[in-house]
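Q: Could you take a close look at one strand pairing in this protein and at what lies against it? Then set that part beside the other strands and helices, in one connected account.

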Amino acid sequence: MSETDLRTHASEIHEQFADHLDVTVEEVAERLDTLVNEYKVPVSEARRSVTNTYLDEAGMDREEISQGGGNERVEVADIDAPEQWVDLTAKVVDLWDATSDAVAQVGLLGDETGTVKFTKWSKSDLPSLEEGKVYDLRNVVTDEYQGRFSVKLNRTTVIEELDEEIEVGDDAVEVEGALVDIQSGSGLIKRCPEEDCTRVLQNGRCSEHGEVEGEFDLRIKGVLDDGTDVHEVIFDEEATEALTGITLEQAKEMAMDALDTTVVADEMREKTLGRYYRVVGPTLGRYVLANETEHLAGGVDPEAALIKARSI
């Protein structure tokens with residue numbers, strides 16, 4: 001660990017005990033250095049060990065010290081901006097397969113207010129999180145992509161398993177209405193193939209990685225009109241296939257036969273516009289992400305409904 005990182009950890013621990021013990025940042029840093037650099041203890045374990053030592057010396061309980069070096073302690077629903085250093089207590093709801101060697105773990109965290117994606121980097125050298133367990137996570141940084149917030153666990157993050165249970169809240173919304181428009185960027189699309197990047201390519205280019213080959217995917221960006229409000233909804237590959245009956249392989253064949261990918265979106269419009277749907281899922285910026293979709297009885301003239309929707 002670099003001297004700068006070591007001093008950052010030491011300063012955060014020192015701040016927790018400055019009013020209770022006569023200890024300097026240098027003394028804290030020396031203890032951390034011995035554990036991390038000499039005995040090769042992971043930084044999170046080293047921090048916990050040093051913190052427990054000072055708790056014993058001060059005769060204090062962990063609840064009496066400030067958490068995370070002055071970070072704001074938040075609930076999942078409070079996460080509404082990127083690049084914020086926060087502390088939170090959350091349950092590991094789900095773990096997914098990491099698609100990159102740089103990622104040690106990726107999954108879903110949750111508390112009473114909802115859920116949020118997390119990423120733990122391999123180089124952070126943090127202990128593994130277990131599905132179903134509750135953790136106190138200090139010094140995590142928030143991130144945002146296309147309106148969806150997440151948190152990242154890094155080498156300064158402190159992980160402490162808690163012997164408690166959390167009833168994870170449901171942050172899904174339910175909307176319904178006639179599908180009156182399928183927006184541009186729908187149909188057969190290509191995404192960036194780089195690890196941990198899912199950006200849609202524009203003219204064969206990723207906004208972050210430049211010109212790339214791209215991998216095919218299906219998506220619908222639709223507009224539901226319930227007669228009073230309009231709701232923008234994103235259907236991923238699975239939801240799009242269920243909605244239209246068109247698989248990814250069929251979409252690629254259609255585009256290849258026509259030498260034009262736009263025929264896929266045209267076919268999707270033919271199959272879905274004017275029909276009523278109920279959609280349930282979390283919000284993604286201004287969009288609702290369709291986790292569940294139900295076709296309802298009824299139909300409308302999509303062109304007339306879209307003109308009305310745009311006037312709302």
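A: Two strands count as paired if DSSP finds at least two bridges between them. The model described here is predicted. In it, strand β9 covers residues 187–191, and strand β12 covers residues 215–225. These two strands pair in the antiparallel sense, over five bridges. One position in the pairing can be named: Arg191 has Glu215 of β12 opposite it. Strand β9 is mostly covered, with four of its five residues buried.

In a regular strand, side chains alternate between the two faces of the sheet. To see what lies against the pairing, take one residue of its second strand. Ile220 is in strand β12. Is Ile220 buried or exposed? The cut-off for buried is under 20% relative accessible area. Ile220 has 0% relative accessibility and is therefore counted as buried.

Which residues does Ile220 touch, leaving aside those up to four places away in sequence? They are Ile182, Ser186, Val233, Ile234, Phe235, Thr240, Leu243, Thr244 and Met268. For Val233, a distance is available: its C-alpha atom is 7.9 Å from that of Ile220, with 13 residues separating the two along the chain.

Several of these neighbours lead on to helices. Thr240, Leu243 and Thr244 belong to α4, and Met268 belongs to α6. Helix α4 runs over residues 237–244. Its axis lies 9 Å from that of α6, at an angle of about 55°. The two helices are therefore oblique to each other. Their contact brings Thr240, Leu243 and Thr244 of α4 against Met268, Lys271 and Thr272 of α6. By class, the contact residues are two nonpolar, three polar and one charged. Ile220 thus touches residues from both sides of this contact, including Leu243 and Met268.

Helix α6 (residues 262–272) also meets helix α5 (residues 248–258). The axes of α5 and α6 come within 8 Å and cross at roughly 120°. An angle of that size is neither in the perpendicular range of 65 to 115 degrees nor over the 145 degrees for roughly antiparallel, so α5 and α6 count as oblique. Their crossing is right-handed. From α5, the contact takes in Ala251, Met254, Ala255 and Ala258, and from α6 it takes in Val263, Val264 and Glu267. Six of the residues in this contact are nonpolar, none is polar and one is charged.

Another neighbour of Ile220, Phe235, leads towards an exposed position. The C-alpha atoms of Phe235 and Asn291 are 8.0 Å apart, although 56 residues separate the two along the chain. Asn291 sits in the loop between β16 (287–289) and β17 (292–299). With 55% relative accessibility, Asn291 counts as exposed. Beyond residues up to four places away in sequence, Asn291 touches Val280, Gly281 and Pro282.

Another set of antiparallel strands can be set beside the β9–β12 pairing. Strand β3 (residues 103–111) is mostly covered, eight of its nine residues being buried. Strand β2 (residues 85–96) pairs with β3 in the antiparallel sense over five bridges, and Leu95 faces Gly107 of β3 in that pairing. A hairpin of six residues links β2 to β3. Strand β4 (residues 114–121) runs antiparallel to β3, with eight bridges between them. Here Val103 has Trp121 of β4 as its bridge partner, and the hairpin from β3 to β4 passes through two residues.

A further helix contact involves α1 (residues 3–17) and α2 (residues 25–38), whose axes come within 8 Å and cross at roughly 120°. These helices, too, are therefore oblique to each other, and α1 passes α2 in a right-handed crossing. The contact includes Leu6, Ala10 and Ile13 among the residues of α1, and Val28, Ala29 and Leu32 among those of α2. By class, the contact of α1 with α2 has seven nonpolar, three polar and three charged residues.

For the protein as a whole, there are seven helices and 17 strands. Of its 312 residues, 44% count as buried. Of the contacts between residues at least 6 apart in sequence, 60% join residues at least 24 apart.

Definitions and conventions: Residues numbered from 1 in each chain as written. Predicted model: local features only at pLDDT ≥ 70, side-chain atom pairs only at ≥ 80, totals over all residues. Heavy atoms only, no water. Buried < 20%, exposed > 50% of the residue type's maximum accessible area, 1.4 Å probe, protein only. Axes fitted to C-alpha atoms, helices over the stretch in contact; angles between N-to-C directions. Parallel < 35°, antiparallel > 145°, perpendicular 65-115°, else oblique. Left-handed = near helix turned anticlockwise from the far one by under 90°. Contact = heavy atoms within 4.5 Å. Nonpolar A, V, L, I, M, F, W, Y, C, P; charged D, E, K, R; others polar.
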